[in-house]
Amino acid sequence: MNQRYTRTAIGLHWLMALGLIGTFALGYYMPGLALSPTKLKLYSWHKWAGVTLFFLVLLRLAWRQSHPAPALPSSVPAMVQMASHAMHWLMYALMITIPLSGWLMSSAKGFQTVWFGVLPLPDLLDKDKTLGESLTQLHEALNFTLLGLVIVHTGAALKHHLIDRDDVLTRILPLKFKD
Amino acid sequence: MSYRFLQSAALIAALTLGGATCAQAVQYKQVNARASQISFTYNQMGARVYGTFGKFEAKIDFDSANPEAARTSLTIELASIDAGSSDANSELQKPGWFNTAVYPQATFISSSVKPLADNRYQVSGKLALKGQTRDVSAEITLKPDNAIGVFNGEFILKRGDFGIGEGEWGDYGVISNDIHIKFRMVAPAQ
């Protein structure tokens, strides 16, 4: 039985990991800038990256439907397995709701999202300053929740590798480790 | 007798002719600024952004019986711009953009009005903006509606022609050179 993730799943995992880190960093940095052409560019790139990540997570979930994730080692207690599954699904939920909240906040602030400057996303909300600010807070809160989960996720992976010495980390790594 | 007859005939003729012209001719001599609107859209990183000018004064002297003689002028308070965010609005006052401290207003004064078909008119004139005066022309459609006339028009202003958005903002890939200006002037019929 193959205990590794499929190559596609591994590729999507790391592509999204890089994309999320970059888009998060950009989103954290850009609001503090004074208005400039660079700021407008960064905002657009952040939005385009967010839309891309949204489509990637849908692709990932579709792939996962037909290629289920390998089971956790039986050495992991049932309660911890449940917690692990809950956390993974919560991360997926956040990867879906974060771009959605960003798109809606942009809409409420009166700035349409046009993916790569080519594909206009519909503005579901009318311009509404108060709603725009609430959605900004929601977008931030969801992001920091995801950041917290990513830290726990990374810590857990390292714990599996360094302390439990199982294959939970290596089975998602792009290269095969032989031991 | 013949004198009185002539007099009456002249009076009847004047009334008939005058009546005929009066029934058709409409005059517009003032603009209701509250009901009127000046808006614009431009392209920012591929997305359309909408904005308005809140404060302006428009003058009009239009007689549908003699449209060629019509005159119009418009003075826009540039500080009243709303380009969608408070950041943008304060940036637009700066020297690289409108430089409102030195050039607080934009003015348009018509020099010719050419009637086209179906209540459409080609209005040409001089636009003074940020210390530069240039010829501009727009097709205007008049929609007579009950006791008011609505003049709708639009034209494309190249911001680069007037030095609007200089220096780092000169990148038309971020903010387009083309600014689509739309206006709607509401004038009560006289």
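In the predicted model, B:Tyr121 stands opposite B:Ile140 of strand β9 in chain B. This pair belongs to the ladder between strand β8 (residues 120–129) and strand β9 (residues 132–145) of chain B, where 10 bridges link two strands that run antiparallel. The two strands are part of an open sheet of 11 strands in chain B, ordered β1-β4-β5-β7-β8-β9-β10-β11-β2-β3-β6 and paired in the antiparallel sense. The sheet is bounded by the edge strands β1 (27–28) and β6 of chain B, each of which pairs on one side only.

Towards the β6 end of this order, strand β2 (residues 37–44) of chain B is joined to β3(B) by seven bridges, again with an antiparallel course. Within this ladder, B:Tyr42 has B:Val49 of β3(B) as its bridge partner. The connection between β2(B) and β3(B) is a hairpin with two residues between the strands, and B:Met45 in the turn adopts a positive phi of about 50°. Strand β3(B) also pairs with strand β6 (residues 81–82) of chain B, an antiparallel arrangement that comprises two bridges. In this second pairing of β3(B), B:Thr52 is partnered by B:Asp82 of β6(B).

The contact between the chains involves 14 residues of chain B and 12 residues of chain A. On the chain B side, β3 (47–53) and α2 (86–91) each contribute at least two residues. The residues on this side of chain B comprise six nonpolar, three polar and five charged. Strand β3(B) thus appears both in the hairpin with β2(B) and among the elements of chain B that touch chain A.

Chain A contains four helices and two strands, which follow one another along the sequence in the pattern α-α-α-β-β-α. Its C-alpha atoms occupy a box of roughly 55 × 30 × 30 Å along the principal axes. Of the 179 residues in chain A, 18% are buried. Among contacts in chain A with a separation of 6 or more, 68% are between residues 24 or more positions apart.

Two helix pairs of chain A were examined for their packing geometry. The axes of helix α2 (residues 37–66) and helix α3 (residues 78–108) of chain A come within 9 Å and cross at roughly 145°. The crossing of α2(A) past α3(A) is left-handed. From α2(A), the contact draws on A:Lys47, A:Gly50, A:Val51, A:Leu53, A:Phe54, A:Val57 and A:Leu61, which meet A:Tyr92, A:Met95, A:Ile96, A:Pro99, A:Gly102 and A:Ser106 of α3(A). By class, nine of the residues in this contact are nonpolar, three are polar and one is charged.

Helix α3(A) also packs against helix α4 (residues 129–164) of chain A, with the axes 9 Å apart and an angle of about 155° between them. The helices α3(A) and α4(A) are therefore roughly antiparallel to each other. Their crossing is left-handed. The contact of α3(A) with α4(A) consists of 15 nonpolar and nine polar residues, with no charged residues. Helix α3(A) accordingly takes part in both packings, with α2(A) and with α4(A).

Technical notes. Residues numbered from 1 in each chain as written. Chains lettered and ligands numbered in written order. Predicted model: local features only at pLDDT ≥ 70, side-chain atom pairs only at ≥ 80, totals over all residues. Axes fitted to C-alpha atoms, helices over the stretch in contact; angles between N-to-C directions. Left-handed = near helix turned anticlockwise from the far one by under 90°. Contact = placed C-beta atoms within 7 Å. Nonpolar A, V, L, I, M, F, W, Y, C, P; charged D, E, K, R; others polar. Parallel < 35°, antiparallel > 145°, perpendicular 65-115°, else oblique. Pairing = 2+ DSSP bridges. Buried ≥ 20, exposed ≤ 12 C-beta atoms within 10 Å, placed from the backbone.
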